[in-house]
Amino acid sequence: MASDQGSAEPSTLPAVFPAWLDRLQIKYVNPVVKPLSKFIPGTSVITHRGRKSGKPYETVVTTYRKDNMLAIALGHGKTDWVKNVLAAGEADVRLSRRQLHVVNPRILPAGSNDSSLPLLLRVQNRKVAVLVTDIA
């Protein structure tokens, strides 16, 4: 279990993308991008388990790595994969051709201005929350 989820609850995260775009991305974009993710810089696949079912899921995300930290901007706000990772306290991420195990997931709320984040992610963090994990 994750002991520190940050100060933001997943149900209150701001979303900058409309719900119709979420549905479009899940149904059409992700199936095309998932097999290509190892060739697209910054695009990763996070493998997580369902909170209730225990079923494994794979979700395409954009990751930012800095030292032993991996961070993901949460532009879609409240999502099931975020809740699954927080509940499990861990996940696996395929970053390019490398498989990483991440632990200690926590959420930095929008506007946190955390200097430990990569520059591009600090800019995004002005409007959206960020999921931060440690690489095991």
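1. Two residues are in contact here when they have heavy atoms within 4.5 Å. With that cut-off, asparagine 30 touches Gln25 and Val60, leaving out residues up to four places away in sequence. Keep the term in mind, and keep in mind that this is a predicted model.

2. Start with the overall fold. The structure has 6 strands that close into a barrel. Going round, the order is S1-S2-S3-S6-S5-S4, and the pairing is antiparallel. From one strand to the next, the twist averages 45 degrees. As background, strands of a sheet pair through backbone hydrogen bonds, either parallel or antiparallel.

3. Take S1 and S2 next. These strands run antiparallel and are joined by 7 bridges. Serine 44 has valine 61 as its bridge partner in S2. The two strands form a hairpin with 6 residues between them. In that turn, glycine 54 has a positive phi of about 75 degrees.

4. Now step from S2 to S3. Here 4 bridges join the two antiparallel strands. Tyrosine 64 stands opposite alanine 71 in S3. This pair is also a hairpin, with 2 residues between the strands. Aspartate 67, in the turn, has a positive phi of about 55 degrees.

5. S6 follows S3 in the barrel order. S3 and S6 run antiparallel, with 5 bridges between them. Leucine 70 has threonine 133 as its bridge partner in S6. S6 also pairs with S5, again through 5 bridges and antiparallel. Across that pairing, isoleucine 107 stands opposite leucine 131, and arginine 106 stands opposite valine 132. Is S6 mostly covered or mostly open? It is mostly covered: 5 of the 6 residues of S6 are buried.

6. S5 and S4 come next. They run antiparallel and share 6 bridges. Alanine 91 stands opposite valine 102 in S5. S4 and S5 form a hairpin with 2 residues between them. Serine 96 in this turn has a positive phi of about 55 degrees.

7. What closes the ring? S1 pairs with S4, residues 90-95, through 4 antiparallel bridges. Serine 44 stands opposite leucine 95 in S4. Serine 44 thus appears twice in this note: its bridge partner in S2 is valine 61.

8. Two helices pack on the sheet. H1 touches S1, S2 and S4. The direction of H1 makes about 65 degrees with that of S2. H2 touches S1, S2, S3, S4, S5 (98-108) and S6 (130-135). The direction of H2 makes about 60 degrees with that of S1.

9. Look closely at isoleucine 46. This residue sits in strand S1. Is it buried or exposed? Isoleucine 46 counts as buried because its relative accessibility is 2%, and the cut-off for buried is under 20%. Which residues does isoleucine 46 contact, leaving aside its neighbours within four places in sequence? The list is Tyr57, Glu58, Thr59, Val61, Ile72, Trp81, Val85, Ala91, Asp92 and Val93. One of these contacts, Ala91, lies 45 residues away along the chain. The C-alpha atoms of isoleucine 46 and alanine 91 are separated by 6.8 Å.

10. Turn to the largest pocket. It holds about 870 Å³ of space. How is such empty space found? Rolling a probe the size of a water molecule over the atoms shows where empty space is left. The lining of the largest pocket has 33 residues. Nearest its centre lie Asn30, Thr59, Val60, Thr79 and Trp81. The elements that give two or more residues to this lining are helix H1 (19-36), strand S1 (43-49), strand S2 (56-66), strand S3 (69-73) and helix H2 (80-88).

11. Which element gives the largest share of the lining of the largest pocket? The answer is H1, with 7 residues. What is the make-up of the lining? It divides into 13 nonpolar, 14 polar and 6 charged residues.

12. Finish with asparagine 30, where the note began. Asparagine 30 lies in helix H1. With a relative accessibility of 12%, asparagine 30 counts as buried. Asn30 is among the residues nearest the centre of the largest pocket. Val60, which asparagine 30 touches, is also in that group.

Definitions and conventions:
Residues numbered from 1 in each chain as written. Predicted model: local features only at pLDDT ≥ 70, side-chain atom pairs only at ≥ 80, totals over all residues. Heavy atoms only, no water. 1 Å grid on protein atoms, 1.4 Å probe; cavity = no way out; pocket = protein on both sides within 12 Å on 5 of 7 lines; lining within 4 Å. Points joined across faces, edges and corners; volume = space filled by probe spheres on them. Nonpolar A, V, L, I, M, F, W, Y, C, P; charged D, E, K, R; others polar. Pairing = 2+ DSSP bridges. Axes fitted to C-alpha atoms, helices over the stretch in contact; angles between N-to-C directions. Buried < 20%, exposed > 50% of the residue type's maximum accessible area, 1.4 Å probe, protein only.
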